[in-house]
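Trainee: Let's go through the ligand sites. I'll ask, you reason it out.

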Amino acid sequence: MSLRVNGLKVHYRTLRGDVQALDGVTFSLGDGEIMGLVGESGCGKSTLGKSLIRLDHRMHHIAGSIELNGRDVPIGDDAAMVPLRYHEISLIPQYAMSALNPTRRIGRMIDELLRSRGVRPADRADELRRRLELVGLGTDVLRRFPIELSGGMKQRVVMVVSTLLDPSLLIADEVTSALDVSTQRSVAESLVEFRDRGHVGSMVFVTHDVALVHQFADTIMVMYAGHVAEKGPAADVVSDPRHPYTQMLLSALPEAGEDTGERLRGIPGTPPGLLDPPTGCRFRDRCPMAFDKCAERPPLVETAPGHWSACWKTEGH
Amino acid sequence: MWRYMGRKLLVYALTFAVAVTINWMIPRFMPGDPVRSMLNRGSISDPGALERMTAYYEEVFGLDAPLHEQYLNFWSGLLRGDLGISVMLYPEPVVDVILRAVPYTLALLIPAIVLSWIVGNRFGAFAARSKVLDNSILPIGYVLTATPYMWLALLMAWSLGIVAGIFPTAGGHSYALTPGMNAEFLASLVTHWFLPFLSMFVVALGGWAIGMRNMIIYELEADYATYLRTLGAPRKLVRRYAYRNALLPQITGLAVQLGTIITGALLTEIVFNYPGLGTLVLDSLNNRDFFLLQGVFLFVVIGVLVANFVIDLVYVFIDPRTRVQMTGASS
Ligand SMILES: Nc1ncnc2c1ncn2[C@@H]1O[C@H](COP(=O)(O)OP(=O)(O)OP(=O)(O)O)[C@@H](O)[C@H]1O
Ligand code: SF4
Ligand SMILES: [Mg+2]
């Protein structure tokens, strides 16, 4: 197991109170595992991604632990996290399009970043060139300013920059969302290629696109309102979802190959606010199968090897 | 690149032409007989001289020629560097009077603008660093920017000049000295220069410090800064980027503020009776010397335009985004 996250609670401190964006998240990743992380907007995907590498000043680590390759990741201690960042854990942010300093040539920015992390740019120069080629970019992008690149090119540059020090854990936050379908595919394929070549260890791939993640992720984790609903092998989660939320999420998608022209049904209702969330199962208000017991929070249990679900209706309870 | 510059130059040329035209119109379309009222106000005792002047001005105004001819004559005089003859200092050409005042104004303006901009930016960036500094520098900055030039200048003249008696409060140098390249005269120049310079410097300083502080806080929250911090880049690198990027809008701010600063300089000169263009404006108004007033106005317009152009040029060299737009426009 390369990554273990145990009961992680992270809140946003706001003037109106704590937003409980992650409320007891538990999962683990094997070596080289690519985990697709899906869920509705606002369920805490980016928060989980950030919590694995750097909390911003509004985020507070309340409880829970993270372990990477057997070592503790002291997420609450900003200074102690510095050596791990980039070298061990890296992030392709959701805002990759604006992640590059607009007034620096890309090559120079990379050199300055590497040097500031104690790496000699010359030592990574060949690798940098090779990886740019791998994602379909020429080395001439290094002499350009970010504004001279298209959105997809910037996305790929950030991908190469983030993985340049071969991190054991990479969080890719919606790297495909702003791209057209064919670019999405090539970006996703490049990430798999990076994993296959050992440029990155395991990967958390955040997305809204279940179909895409089904094709190339090893496992899928579904989050709902700051909780983990379900995690399991990608094929199993899609073909045999255990959690009612996953079932509804999948049935809201158009079936592959089927073209009925019917509009997506969506899931009626909205997720609960996280400022003062209800106790018990957070899906209760929208769940057609809800019953009395759901006033209590269902634990995440393993219903089949590697397949976990948090619902009182899932067998195993 | 050249097309971009050409376009900019065209805009500046048009602005200049409009300014000249307005300048030409003002005395001509003012009610009353400008020549008569001008000469009456100008304290001229010798009747022979008065006659000669009246003839001269009626001719230059060319009041009986058609308007378009008057207008063209004005331009051709202008291009020859002929702005007419001053009433107040008859028979000295306006250009000579102005050229005598320009070095004084520039000696105040350029150091005050450049130093307040540099020091203000440093202070602002520094303030963004810590709560304590922020809480002290920011209110001081707000008070300073809100201070009218005149008022601060008077305050300084009163405190440092009259009460403390450290600096002289009027004139460009001591009248007891004859101008020359000797140490005594130069020292007199510097002590007379100091107070007007200081009051302009101090007023401008606050604005730049506040602007920089706000810009740098904004830049530190920008995505590229967050990304660098996420990858563990040290504060130093993030700050360096943020500082540089925050400077760009400050340069634009300088271009925008230039007019205000120059007006401030003219007012400050008046307070200290400093022999630059500002004092010249006041004197020419008092003496109804429209030729001189016109001339000063033209010089100020030219100065603002030239300074703006220089800032445009600087901006192109330090912001890659304008460069990209330019190549985009010309290809
Ligand atoms: N800075 C913040 N201050 C307060 N609340 C926040 C902040 N950032 C996020 N949140 C809240 O935390 C919750 C989780 O947000 P997060 O950005 O992790 O969602 P997400 O799953 O990544 O959504 P999306 O798919 O839209 O990117 C949301 O309810 C959001 O309102
Ligand atoms: S625990 Fe209850 S409310 Fe929650 S998903 Fe299962 S059945 Fe629905
Ligand atoms: Mg997100």
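Trainee: Which element gives the most to the shell around ligand 1?
Mentor: This is a predicted model. Strand 1 (3–14), strand 2 (17–29) and helix 1 (45–51) of chain A each give two or more residues to that shell. The top contribution is 3 residues, and it comes from helix 1 of chain A.

Trainee: Which residues come nearest to ligand 1?
Mentor: The shell has 16 residues. By class, 5 are nonpolar, 8 polar and 3 charged. Those that come nearest are Ser41(A), Gly42(A), Lys45(A), Ser46(A) and Thr47(A).

Trainee: How far is a polar side-chain atom of Thr47(A) from an oxygen atom of ligand 1?
Mentor: Take the backbone contacts to ligand oxygens beforehand. A backbone N or O atom of Gly42(A) sits 2.8 Å from one, and a backbone N or O atom of Gly44(A) sits 3.0 Å from one. For the polar side-chain atom of Thr47(A), the distance is 2.4 Å.

Trainee: What share of the accessible area of ligand 1 does the protein cover?
Mentor: On its own, ligand 1 has 630 Å² of accessible area. The protein covers 72%.

Trainee: Which residues coordinate the magnesium ion, ligand 3?
Mentor: The donor atoms are OG and OE1, at 1.9 to 2.4 Å. They belong to Ser46(A) and Gln94(A).

Trainee: How many residues apart in sequence are the parts that this pair ties together?
Mentor: Ser46(A) lies in helix 1 of chain A. Gln94(A) lies in the loop between strand 6 (89–92) and helix 3 (106–116) of chain A. So the pair ties together parts separated in sequence by 48 residues.

Trainee: Is Gln94(A) buried or exposed?
Mentor: Buried means under 20% relative accessible area, and exposed means over 50%. Gln94(A) has 43%, so Gln94(A) is partly exposed.

Terms used. Residues numbered from 1 in each chain as written. Chains lettered and ligands numbered in written order. Predicted model: local features only at pLDDT ≥ 70, side-chain atom pairs only at ≥ 80, totals over all residues. Heavy atoms only, no water. Near = heavy atom within 4 Å. Polar contact = N/O pair within 3.5 Å; in protein donor to acceptor, adjacent residues only side chain to side chain. Areas by Shrake-Rupley, 256 points an atom, 1.4 Å probe, with all protein chains shown as cover. Helix = DSSP H or I, 4+ residues; strand = E, 2+ residues; numbered from the N terminus. Nonpolar A, V, L, I, M, F, W, Y, C, P; charged D, E, K, R; others polar. Donors = N, O, S within 2.8 Å, 3.2 Å for Na, K, Ca; no water. Buried < 20%, exposed > 50% of the residue type's maximum accessible area, 1.4 Å probe, protein only.
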